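Here's a quick walk through one model, from its metal site out to the strands and helices around it. Have the structure open as you read.

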Amino acid sequence: MLLIGSHVSFKSSDQLYGSVKEAVSYGANTFMFYTGAPQNTKRCKIDYDLTLKARNLLYENNIELKNIVVHAPYIINLANNENKEKYEFAINFLKEELNRVSMLGITLLVLHPGSYVNLDENLGIQNIINALNEIIKPNQEIKICLETMAGKGTELCYKIDHLKRIFDGLKFPDKVFVCLDTCHLNDAGYDLNDFDSYLKKFDDKIGLNKIACIHVNDSKNVIGSHKDRHENIGYGTIGFDNLLKIIYDERFKDIPKILETPYVSDCESSKNKTYPPYKFEIEMIKDKKINDNLIEEIKKFYN
Ligand code: FE
Ligand code: FE
Ligand code: ZN
């Protein structure tokens with residue numbers, strides 16, 4: 001069965017229970033969320049009763065806990081230690097995040113490896129390695145998935161080689177995996193018209209068995225632009241057919257495919273509202289046919 005879902009919200013009021021409800025409303029059988037706002041580190045306590053309620057709802061909808069993904073906040077930067085306090089804070093935050101994730105019963109945590117800022121590539125990579133070696137416990141069940149990045153600014157891990165160097169320095173490499181992001185791969189310079197040749201390189205250096213999650217996004221920019229701006233499925237430079245091929249690749253049938261495409265904005269509405277595209281994108285993917293009227297249909301549905 002196709003494992004497809006999207007980013008959903010996680011609100012302090014109903015926590016995982018609300019996330020499951022949202023995912024189900026999109027027709028998804030997997031999903032990803034941040035345990036709070038993606039741009040800050042304020043987090044609420046995981047509520048036991050809400051978690052239990054969520055588990056029942058998951059069960060009723062045939063969604064497996066092992067296919068749910070948490071994304072760490074993107075302000076966490078393990079690559080830069082110029083400010084020791086900030087670096088220590090990031091490490092401690094991730095230790096706590098692992099606790100929250102395990103209380104929810106989730107086993108996949110996606111992380112942006114980091115940006116070296118004023119340092120250099122080598123120091124940045126060493127900082128990531130040191131941080132991960134401090135964070136990871138040998139008996140943890142959670143897989144930390146390093147995301148492939150677009151190479152915006154001083155971002156690391158837009159190259160397979162960066163990931164390889166991190167794996168080589170890890171004390172417990174069996175706890176670390178990779179999350180491919182199609183928009184980021186395109187923006188990093190990998191041609192998704194020829195995904196197989198990317199996978200071949202990845203397999204040679206890291207191993208396809210290390211791919212534990214895929215973020216499926218189209219891109220607003222041309223290949224190699226290092227921009228990182230996601231586009232709705234079939235409406236960007238990667239294109240529907242290329243994305244469909246990745247989504248339906250037999251080798252990834254057991255790993256969650258997650259949409260992080262942009263909300264559709266309704267300029268006509270006076271309140272300038274935005275609507276989630278996921279229900280409609282998931283339908284297109286299941287139908288294997290592009291909806292040329294996607295944006296209009298989304299606006300009509302939510303109005
Ligand atoms: Fe990400
Ligand atoms: Fe992503
Ligand atoms: Zn991105």
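## Two irons, one shared ligand

The iron ion (ligand 2) sits 3.2 Å from the iron ion (ligand 1), and Glu-147 coordinates both. Keep in mind that this is a predicted model.

Glu-147 belongs to strand S5 (residues 143–147) and Asp-181 to strand S6, so this pair ties together parts that are 34 residues apart in sequence. Glu-147 and Asp-181 are both buried.

## Around ligand 2

Which protein atoms hold the iron ion (ligand 2)? Its protein donors are Glu-147 (OE), Asp-181 (OD), His-215 (ND1) and Glu-260 (OE), at 2.0 to 2.2 Å from the ion. Read along the chain, the donors of ligand 2 have the spacing E-x33-D-x33-H-x44-E.

What about the geometry at ligand 2? The angles subtended by the four donor atoms run from 81 to 169°, which makes the arrangement irregular. A tetrahedral label would need all angles to lie between 85 and 135 degrees.

## Around ligand 1

Over at the iron ion (ligand 1), the protein donors are His-71 (NE2), His-112 (NE2) and Glu-147 (OE), lying 2.1 to 2.3 Å from the ion. The spacing for the donors of ligand 1 is H-x40-H-x34-E. His-71 and His-112 link distant parts of the chain, 41 residues apart: His-71 is in strand S3 (residues 68–71), while His-112 is in the loop between strand S4 (108–111) and helix H4 (121–135).

Are these two histidines buried or exposed? His-71 has a relative accessible area of 0%, so it is buried. His-112 comes in at 16% relative accessibility and counts as buried too, because the cut-off for buried is under 20%.

## The barrel

Now for the strands. Eight of them form a closed barrel with parallel pairing, in the order S1-S2-S3-S4-S5-S6-S7-S10. On average, neighbouring strands of this sheet are turned by 30° against each other, direction ignored.

As a reminder, strands of a sheet pair through backbone hydrogen bonds, either parallel or antiparallel.

## A closer look at S7

How much of strand S7 is covered? S7 (residues 211–216) is mostly covered, with six of its six residues buried. On one pairing, S7 runs parallel to strand S6 (residues 176–181), and four bridges join S6 and S7. Cys-179 stands opposite Cys-213 of S7.

S7 also runs parallel to strand S10 (residues 257–259), with three bridges joining S7 and S10. Here His-215, one of the donors to ligand 2, stands opposite Ile-258 in S10. Ile-214 has Lys-257 in S10 as its bridge partner. For anyone tracing side chains here, the general rule is that in a regular strand they alternate between the two faces of the sheet.

## Two helices to look at

Helix H7 (residues 195–205) lies across S6 and S7, and runs at about 165° to S6.

Then there's helix H8 (residues 240–247), which is mostly covered, with six of its eight residues buried. Which residues of H8 are they? The buried ones are Phe-240, Asn-242, Leu-243, Leu-244, Ile-246 and Ile-247.

Technical notes. Residues numbered from 1 in each chain as written. Chains lettered and ligands numbered in written order. Predicted model: local features only at pLDDT ≥ 70, side-chain atom pairs only at ≥ 80, totals over all residues. Heavy atoms only, no water. Buried < 20%, exposed > 50% of the residue type's maximum accessible area, 1.4 Å probe, protein only. Donors = N, O, S within 2.8 Å, 3.2 Å for Na, K, Ca; no water. Pairing = 2+ DSSP bridges. Axes fitted to C-alpha atoms, helices over the stretch in contact; angles between N-to-C directions. Contact = heavy atoms within 4.5 Å. Tetrahedral: all angles 85-135°; square planar, octahedral: opposite > 155°, others 65-115°.
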